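User: I should like to learn how to read enclosed spaces, surface patches and ring contacts in a protein model. Could we work through one example together?

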Amino acid sequence: MTQILVSTLLWLLVASLFILRRGRPDRSILWSALTIAVAMTLNIDGLYRGVDRLLGGTNLVTLAADLALMLGIFFLGRAVAKATEYRPRIVRFALGRFVLAVALVCTVVAFAFIDRGVTTTTFMLDYGAQPAAAAYSMTQFVYDGIVLTAMAAVATRQIRLGRGVDRLPAVSLLIGSALGLVLAAVVIAMDIAHLAGDISLMLGLGAAYSPLFLSTFLFLCLGLASQPAIRWMRARSRARATRRLVFQTTPIWQRANLVRPGMSQQDAAGFSAADAETRLHRQLVEIRDAAVDPRVSFELGDAEIVIVDAAEAHLLGLGAGADGSSSGLATRATS
């Protein structure tokens, strides 16, 4: 059930990123989320059994899913660090190709030495007493822990730099990374206990596995989805504020245009909704030009000055619209 819930979360994340990040050239986070979603989906019991039977029934799907997860985590960590432009040497090393290559090779080699038997959906429970299986599992979770530590460092810095709601993505990523580190520690302890023959300790630690697994991906997905969602909501809010300010400045601009012709009424009517900021900027320039032109008589009333100042602040992303609503530009957080 946990695998189904996590897979559903990840496919929802993929869908949300596809919609909210549509048109953006950098799709690294989308591809990393897609890779992790595929890895989680392959671990759903019914699908796992069917695919593994097609591959010979020797649990090769376990290896494929785990390698996909490691690759997805790798690209996710790099995408997060790239988006925040915070890449000190230790973070670059942790998220480097060399560390990934070593982890992948060790994982494949350890898997090759496991006496895997037939298809099973409880792979580590069945074969975890083998040293090769313990090494296989611990290699993966040590690598995951390295990447999650780097992501936690990046998220911590973003929390310090962010303000208000801008901190939500970084806080979610930090919580998800911290939970993932605890999960990695629990799994490694379970592997050691199984290898040592302490089954009661292994089962006791195993009770924490599913809640940690689910909560880790819940917070990671929230962190990854919330940043583009915040940016999308801000863009929508800014578009509404721009249209409102165009409506409010148009009468002022029309009065200025009577004494100092600039953009024609036909030109103004030709602007589409997507060009609202261009039209607002053009109207403000012509209003200001008319106000300072000594050849014409044009003055702004007190109420008109408030509207024009608010519109200029809006275009600069410095203030609020004429009705006091926020119109700041979307800030760059974890993306």
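User: Which helices each supply at least two residues of the lining of the largest cavity?

Analyst: Please keep in mind that this is a predicted model. As a general idea, rolling a probe the size of a water molecule over the atoms shows where empty space is left. Here, the helices that each contribute at least two lining residues to the largest cavity are α1 (2-20), α2 (28-42), α4 (60-84) and α11 (209-259). Of these, α11 gives the most, with four residues.

User: How many cavities of 30 Å³ or more does a search of the whole structure find, and what volume has the largest cavity?

Analyst: The search finds two such cavities. The largest cavity has a volume of about 70 Å³.

User: Which residues line the largest cavity, and how do they divide into nonpolar, polar and charged?

Analyst: The lining consists of L10, L13, A33, I36, I73, L76, F217, L220, C221 and L224. By class, it holds ten nonpolar residues, no polar and no charged ones.

User: How much space lies in the largest pocket?

Analyst: A pocket, unlike a cavity, is an open set of points. In this model the largest pocket holds about 1,200 Å³ of space. It is lined by 43 residues, and those closest to its centre are Q3, T121, M124, F141 and Y209.

User: What is the make-up of the lining of the largest pocket by class, and which helices each supply at least two of its residues?

Analyst: The lining of the largest pocket comprises 23 nonpolar, 16 polar and four charged residues. At least two residues come from each of α1, α3 (45-54), α4, α7 (123-127), α8 (131-161), α9 (167-196), α10 (199-206) and α11.

User: Turning to the surface, which residues make the nonpolar patch of about 450 Å²?

Analyst: The patch is made by I90, F93, F98 and V102. Helices α5 (89-94) and α6 (97-112) each provide at least two of the patch residues, and F93 is found in α5.

User: How many aromatic pairs are there, and why is the pair of F123 and Y136 edge-to-face?

Analyst: To classify a pair, one considers the angle between the ring planes, and over 60 degrees counts as edge-to-face. The count comes to seven aromatic pairs. For F123 and Y136, the ring centres are 6.2 Å apart and the planes stand at 70°, so the pair is edge-to-face. This pair links distant parts of the chain, with F123 in helix α7 and Y136 in helix α8, 13 residues apart.

Methods. Residues are numbered from 1 along each chain as its sequence is written. This is a predicted model: local features need pLDDT of at least 70, side-chain atom pairs count only at pLDDT 80 or more; totals for chains, interfaces and linings use all residues. Side-chain values use heavy atoms; hydrogens and water are left out. On a 1 Å grid over the protein atoms alone, a cavity is a set of points where a 1.4 Å probe fits but cannot get out, and a pocket is an open set with protein on both sides within 12 Å along at least five of seven lines; lining residues have an atom within 4 Å of a point. Grid points are joined across faces, edges and corners, and a volume is the space filled by probe spheres set on the points. Ala, Val, Leu, Ile, Met, Phe, Trp, Tyr, Cys and Pro count as nonpolar, Asp, Glu, Lys and Arg as charged, and the others, Gly among them, as polar. Patches are made of residues with over 30% relative accessible area and no salt bridge: like charges are joined within 9 Å, nonpolar side chains (Val, Leu, Ile, Met, Phe, Trp, Tyr) within 5 Å. Accessible areas come from the Shrake-Rupley method with a 1.4 Å probe; for residues, only the protein chains shown count as cover. A salt bridge is a side-chain nitrogen of Lys or Arg within 4 Å of a carboxyl oxygen of Asp or Glu. Rings of Phe, Tyr and Trp (its six-membered ring) pair if their centres lie within 6.5 Å; planes under 30 degrees apart count as stacked, over 60 as edge-to-face and the rest as tilted.
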